[in-house]
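Colleague: I am new to this structure and would love a close look at one part of it. Could you walk me through the salt bridges?

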Amino acid sequence: MAQPKSAFEIFRFLEKSNCRECGEKTCLAFAGAVFLQQRRIRECPKLNPEAVERFAGELDKGNTHELDPGDRLEKLKSEIAHFDLAEAAERLGAVFSGRKLTLKVLGKDFSVDAKGNLYAEIHINPWVTVPFLEYILHGKGLPVSGKWMPFRELNGGRDRYPLFQKRCEEPMKKVADVYTPLFDDIVHVFGGKQVDKQFESDISVVLHPLPKVPVMICYWRPEDGMDSSLHLFFDETADRNLDIGSVFTLGTGLAQMFTKISLRHG
Ligand code: SF4
């Protein structure tokens, strides 16, 4: 059994008929969700036995989240129903109006009401919604310090780092290598900001998947026979403003989204 290195590795083994029996619109979307361990590969009824043999054991181990993402989302929504959203808005510096708490996710309004219903200007999917609700329910709301650190140095990040590298940094680097408008898209489509180059990188871009959980993506171009490289950095408060499992989910979700964009436009 093997750990897939990308969603495409899983996709290669799917039927590619986009039949939607798994509930996803396309086989590629299903492969991406399996890669992020939001779905289980056995949920495709058309699955090739070779794929089961190759991946099922590894992918069924689950990632850092104990619950199935759907169950986890329902649990968080029911917690919201017993929660004081006005207090959360004050703690997080968010807006509370019309019985909804609203904050910016990647520069766009994202809201939840007292029943756990979600409203957004962007596509609502679990890699955003679970961290969004966790941030509201359990985030400390600490001010961003401006001190950047790699994922592995966050509390709880060391053990998860090999998987984070495989599911976030490596696929994102592959996109940056071949899809040159990536960093322009991050700035113009996702409200990111190009900042002074950090850690001697060639490009440094900051984006805000959640207001107090900024992510800095640094990219080093290939040079003198050395391969390119890409790393993500988080504010040192990230592991208190959000649980480490959700920080992981945000990073891998961003990688999946950039991969889809590069396929569509690249
Ligand atoms: S059920 Fe399988 S073949 Fe059909 S869309 Fe989903 S992944 Fe593709």
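Modeller: Happily; here is a short tour of the salt bridges, one pair at a time. Please keep in mind that this is a predicted model. As a general idea, side chains of opposite charge can pair when their charged atoms come close. In this model, the count comes to nine salt bridges.

Let us begin with Glu 15 and Lys 46, whose side chains form a salt bridge with an N to O distance of 3.7 Å. This pair links distant parts of the chain, 31 residues apart. Glu 15 sits in the loop between α1 (7-11) and α2 (27-35), while Lys 46 belongs to the loop between α2 and α3 (49-59). Glu 15 counts as partly exposed because its relative accessibility is 43%, and Lys 46 is also partly exposed, at 30%.

Next comes a pair within a helix. Glu 79 and Lys 75 make a salt bridge in which the closest N and O atoms are 3.4 Å apart. Both residues lie in helix α4 (residues 69-81), and because they are four residues apart, about one helical turn separates them. Glu 79 is partly exposed, with a relative accessible area of 25%, and Lys 75 is partly exposed at 44%.

A further salt bridge joins the side chains of Asp 109 and Lys 104, at 2.8 Å from N to O. Here Asp 109 has a relative accessible area of 28%, so it is partly exposed, and Lys 104 counts as partly exposed at 42%. Elsewhere, Arg 72, Glu 134 and Asp 243 are joined into one network by salt bridges that share partners.

Definitions and conventions. Residues are numbered from 1 along each chain as its sequence is written. This is a predicted model: local features need pLDDT of at least 70, side-chain atom pairs count only at pLDDT 80 or more; totals for chains, interfaces and linings use all residues. Side-chain values use heavy atoms; hydrogens and water are left out. A salt bridge is a side-chain nitrogen of Lys or Arg within 4 Å of a carboxyl oxygen of Asp or Glu. Helices (H or I, at least four residues) and strands (E, at least two) are DSSP runs, numbered from the N terminus. Buried means under 20% relative accessible area, exposed over 50%, partly exposed in between (1.4 Å probe, protein chains only).
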